[in-house]
Amino acid sequence: MSDSYDSIVVGAGPAGVSAAITMARAGLKVLVLERGEYPGAKNVQGAVLYSRMLHEIVPEFWKDPQAPVERPVVEQKMCVTTEDSWITVGYKSLKFLQDVPNCFTIIRVRFDQWYAKKAEEAGAELFAGVMVQDLVKKDGRVVGIKTSDGDELLASAVVAADGVNSIIAQKAGVRRELKPSEVALGAKEVIALSSSVIEDRFQLNPGEGSTMEMFGATSLGMLGYVFLYTNKESVSLGVGCKLSDYQKKGLRPSDHLEIVKKHPLIAKLISGGKTLEYSAHLIPEGGLPSMPPLVSDGLLIAGDAAQMTNPAYREGSNLAMTSGKLAGEAVVEAKRKGDFSKAGLASYGEKLQASYVMQDLAEVSGLEEAVEKSPGFLEFYPKLATQLAHLRFSADGRPKKTHLKEALALARQRGFLRIAKDLWPLRKAAL
Amino acid sequence: MNEKTIPLPPGAATVESKLGTLEWKKSPQTHITLRDASEKAPCVDLCKDRPCTTVCPAKVYEWHAPEKRVIVAYENCIECGACRMLCPFDNIACDWHGGGMGVKYKYG
């Protein structure tokens, strides 16, 4: 470690490593500091990794013999559940395997270790087990960092990629403490199952993967969902709901997981599996209103630290990678101009604004609020949908036209206008 | 009081058994402190639900009725950070360890 760098990146997750790779490749002197004993030690993800954004940084990464991917996802299912019934909508396509495969399941810690090596291969220095405690400022500008051991290291630009609990964003004075309504709390178990059992139960060809997300009763009236992803020799079963909802219910997410495991839809799929690891993590879900200023003099904020997740589409690590890459490019440009001020780094915000990251976040802004305002989504609609399906698929000795009457009566409980109003905001998550 | 108490299914695994799947680089020092840990702390009388004790995914916080205080088992912490936001009285200071200490996920 030397005393000064072009850039110091705080956090060796997807955002930080993407920034480090981008800057190191351009010849900048880059230092990455990670507080975990190794990259990934503190990180948790479902995990589905969308390929396109990483492919832009590490082309055809999935062909790397060491690529830490589990299964390419060929089928994605959404399930609306009640206690004893569920409707599954799935889409399976071999197109997902062609060209750039759409997404892979990953084991996040293995992924982070592999990805951090890519930053080192690009020429960045990386130290794990180093906790960045504070920023060093001079005349109001960020000029470096201070570790928990009291060491001061200087840099022309600091990239804060230190996750949802970002200490840097708080120390920089650009972010207050988050509220329980601005984050989701996720808890997960990785459950061991043999690959043949997984492929049988999820109807997959050898090596192929699928994802399931469950809504309705499995969330126990809270805003959030349950997920089940297939890895090579394990499945990842997780719950994630607003922290404010867990707070209201006084429910521990580990207990939520236990309740979910007994749901007949899920119990069958995980039966006989042994839990390899339990984990929990916060997910920033405040969206644009909770986003801190992305750039200040000598400082850029990327990934979860900047609240960049899109829960409606279960995206986050891809946004982190794109934002890290764009932050890195902005520092490279600033170095060329010799201007690391807020104005000199401004291209980060501009490029992000022009990208899918900010446009998607703007699009889903207010979606969660709309769903929260219509409690019907959490209980009434799952029940209505399964009741309608039940009628459609039953031969109960009554003429079918009585089914139609009954169906209309069920929908009338909420009123057609109300239903139209409820459903309208969902268009934002439709395509 | 909480909205409702949700019954756990029979044979549900405890959070303790889940934590048994994890490893930590142990720190001799706590990284969590209650800003006010005195007998006048808000945890004692003001905080009715004590959400830290019911929601923390690692059961770090437990109400000790005889001593009328919240006990903090910092060595269980899996560093999610939820407690800081959960506490209605902003009484929990949870800072991270240095030196790579704390939870070491293998899968994550």
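**A shared nonpolar core and a contact between two chains**

The largest nonpolar core of this predicted model holds 150 residues, and those with the most contacts inside it are Val10(A), Ala20(A), Val158(A), Val159(A), Leu185(A), Leu300(A) and Ala302(A). Such a core is a set of buried Ala, Val, Leu, Ile, Met, Phe, Trp, Tyr and Cys residues joined through C-beta atoms within 7 Å; buried means that 20 or more other C-beta atoms, placed from the backbone, lie within 10 Å of a residue's own. Helix 9 (residues 317–337) of chain A gives the largest share of this core, 9 residues. Domain 1 (4–68 + 107–178 + 286–354) and domain 2 (181–284) of chain A both contribute residues, so the core lies between them.

Val159(A) offers a view from inside. Beyond its neighbours within four places in sequence, Val159(A) is in contact with Ser7(A), Val9(A), Val10(A), Gly16(A), Ala19(A), Leu300(A), Ala302(A) and Ala327(A). Here, contact means that C-beta atoms, placed from the backbone, lie within 7 Å.

The domain assignment of chain A, automatic or from a database, also gives domain 3 (371–429). Between the centres of domain 1 and domain 3 of chain A, taken over C-alpha atoms, there are 45 Å.

Turning to the two chains, 50 residues from chain A and 37 residues from chain B take part in their contact. Strand 15 of chain A supplies the largest share of the side of chain A that touches chain B, 8 residues.

Residues are numbered from 1 along each chain as its sequence is written, and chains are lettered from A in the order in which they are written. Because the model is predicted, local features need pLDDT of at least 70 and side-chain atom pairs count only at pLDDT 80 or more, while totals for chains, interfaces and linings use all residues.

How values were computed. Buried ≥ 20, exposed ≤ 12 C-beta atoms within 10 Å, placed from the backbone. Helix = DSSP H or I, 4+ residues; strand = E, 2+ residues; numbered from the N terminus.
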